[in-house]
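Here are a few short exercises to work through with the structure open beside you. Try each task before reading its solution.

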Amino acid sequence: MAVPPEPPPNRWDFPPPSAWPPDDDVIAWGADLEPGTLVHAYRHGLFPMPLNSRLAWWSPVKRAVIPVEGFRLSRSLRRSQRRYRLTLDIAFPQVVAACADRPDVWIDEAMAAAYVRLHQLGWAHSIEAWDEGDGLAGGLYGVTIGSLFAGESMFHRERDASKVALAGLVQVMSGVEAPLLDVQWATPHLTSLGAEVIGRAGYLERLAAAIAAPDPFAGSTPDPFVEN
């Protein structure tokens with residue numbers, strides 16, 4: 001995979017971190033979901049999510065990340081890995097659609113289309129977990145800039161399929177410089193896999209190092225999970 005081309009520049013003025021509210025996860029409202037806007041936002045620690053039918057831009061005061069070296073691969077998850085075949089970027093639109101196919105989810109048609117477009121440009125990636133019958137059992141997708149992977153959503157239709165996909169993502173990111181696996185907010189599910197919470201300032205510091213590092217996906221083969 002080649003390094004993705006730079007999208008057209010962002011045309012919006014997002015507030016600098018010095019102006020962000022210290023006790024509110026929402027930083028700004030409005031703008032659009034063009035590729036240049038999205039790449040600019042992720043580079044500066046923001047991500048979009050609708051709130052009350054308006055487009056909001058978020059930077060959690062307490063940010064959840066999964067240290068790549070601290071990912072918890074349990075014995076049961078190792079057993080589950082044998083049940084699924086992993087691929088990279090084979091079914092990105094289908095993964096987004098599956099993530100959106102849940103009650104009260106924030107991924108509307110505009111959001112889904114924006115990330116599919118970002119994927120077509122090389123800035124967003126998916127990892128798919130397939131069962132023995134080649135059914136899409138689970139997966140995840142997110143945005144990559146340098147060695148940042150900003151996880152957006154994950155889903156499963158069969159047991160542990162999303163966890164196996166996450167383990168595959170960790171595999172791709174292992175050994176790269178300054179990896180940053182951002183999962184936005186901590187949940188019991190993510191905490192069980194090694195997620196930890198850091199402050200906003202600490203996240204922005206790690207982010208600066210990550211976006212200056214090489215993109216692990218740029219050097220990936222079309223199928224990085226097949227051993228040569």
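**Exercise 1. Find how many positive and negative side chains the chain has, and how far apart the centres of the two sets lie.**

Solution. Start with the counts: in this predicted model, the chain carries 19 positive side chains and 27 negative ones. Next, take the centre of each set; these two centres lie 7 Å apart.

**Exercise 2. Describe the fold: how many helices and strands are there, and how does the radius of gyration relate to the globule rule?**

Solution. Begin with the secondary structure, which comprises seven helices and ten strands. The radius of gyration is 17 Å, close to the 17 Å given by the globule rule for 228 residues, so the chain is as compact as a globular protein of that length. Then add the outline: along the principal axes, the C-alpha atoms fill a box of roughly 50 × 35 × 30 Å. Finally, look at the contacts with a separation of 6 or more: 73% of them join residues 24 or more positions apart.

**Exercise 3. Work out what share of the residues is buried and what share of the accessible surface belongs to carbon and sulfur atoms.**

Solution. Of the 228 residues, 51% are buried. Turning to the outside, the accessible surface comes to about 11,000 Å², and carbon and sulfur atoms account for 52% of that.

**Exercise 4. Place Ser 162: which helix holds it, and is Ser 162 buried or exposed?**

Solution. First locate Ser 162 in helix α5, which spans residues 161-173. Its relative accessible area is 5%; buried means under 20%, so Ser 162 is buried. Lastly, list its contacts: leaving out residues up to four places away in sequence, Ser 162 touches Gly 139, Met 154, Phe 155, His 156 and His 189.

Terms used. Residues are numbered from 1 along each chain as its sequence is written. This is a predicted model: local features need pLDDT of at least 70, side-chain atom pairs count only at pLDDT 80 or more; totals for chains, interfaces and linings use all residues. Side-chain values use heavy atoms; hydrogens and water are left out. Helices (H or I, at least four residues) and strands (E, at least two) are DSSP runs, numbered from the N terminus. Buried means under 20% relative accessible area, exposed over 50%, partly exposed in between (1.4 Å probe, protein chains only). Contact means heavy atoms within 4.5 Å. The radius of gyration is taken over C-alpha atoms; the globule rule is 2.2 Å times the number of residues to the power 0.38. Accessible areas come from the Shrake-Rupley method with a 1.4 Å probe; for residues, only the protein chains shown count as cover. Lys and Arg count as positive and Asp and Glu as negative; His and the chain ends are not counted. The place of a charge is taken as NZ of Lys, CZ of Arg, CG of Asp or CD of Glu.
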